[in-house]
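Here's a quick walk through one chain, from strand pairing to the core and the cysteines. Have a look at the fold first, then read on.

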Amino acid sequence: MCLGIPGQIVEITNIVHKLAIVNVGGVKRQVNIACIVDEQHPPDKCIGDWVLVHVGFAMNRINEQEAAETLQLLQEIAALH
């Protein structure tokens, strides 16, 4: 089972290597966006996109509502411990 954490792309750091900075709950991390870019959605058009991040890769795009719901659930789970 994999766990993807929602984050928002805030900066493209390397277009050639498809690297971006993603804000995940206030923490900014560099991730690879190769899995979510193509000719119709190149790296420079990804800023502001919400993505699911897993092991340093943006695996797919999600909408802002899905991101908010997932982050809320993760916070509730964390509060149980």
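## Strand pairing

In this predicted model, β4 pairs with β5 (residues 57–62) in the antiparallel sense, with 5 bridges between them. Across that pairing, V53 of β4 sits opposite A58 in β5. The hairpin linking the two strands has 2 residues between them, and V55 there takes a positive phi near 45°.

β4 also has a partner in β1: the two run antiparallel and are joined by 4 bridges. One spot to look at is P6, whose bridge partner in β4 is L52.

## The nonpolar core

The largest nonpolar core counts 13 residues, and I9, I12, V22, I33, I36, C46 and V51 have the most contacts inside it. β1 (5–14), β2 (19–24) and β4 (50–54) each chip in at least two residues, with β2 giving the largest share, 3 residues.

V51 is a handy one to click on. Leaving out residues up to four places away in sequence, V51 touches I5, P6, G7, I9, V22, I36, A58, N60, R61 and I62.

## Two cysteines, no bond

How many disulfides are there? The count comes to 0. The sulfurs of C35 and C46 are each other's closest cysteine sulfur, but at 12 Å they're too far apart for a bond, since a disulfide needs the sulfurs within 2.5 Å.

Their surroundings are worth a glance too. C46 is buried, at 0% relative accessible area, while C35 is partly exposed at 49%. C46 is also among the core residues with the most contacts.

Note on methods. Residues are numbered from 1 along each chain as its sequence is written. This is a predicted model: local features need pLDDT of at least 70, side-chain atom pairs count only at pLDDT 80 or more; totals for chains, interfaces and linings use all residues. Side-chain values use heavy atoms; hydrogens and water are left out. A nonpolar core is a set of buried Ala, Val, Leu, Ile, Met, Phe, Trp, Tyr and Cys residues joined through side-chain atoms within 4.5 Å. Buried means under 20% relative accessible area, exposed over 50%, partly exposed in between (1.4 Å probe, protein chains only). Contact means heavy atoms within 4.5 Å. Two strands pair if DSSP finds at least two bridges between them.
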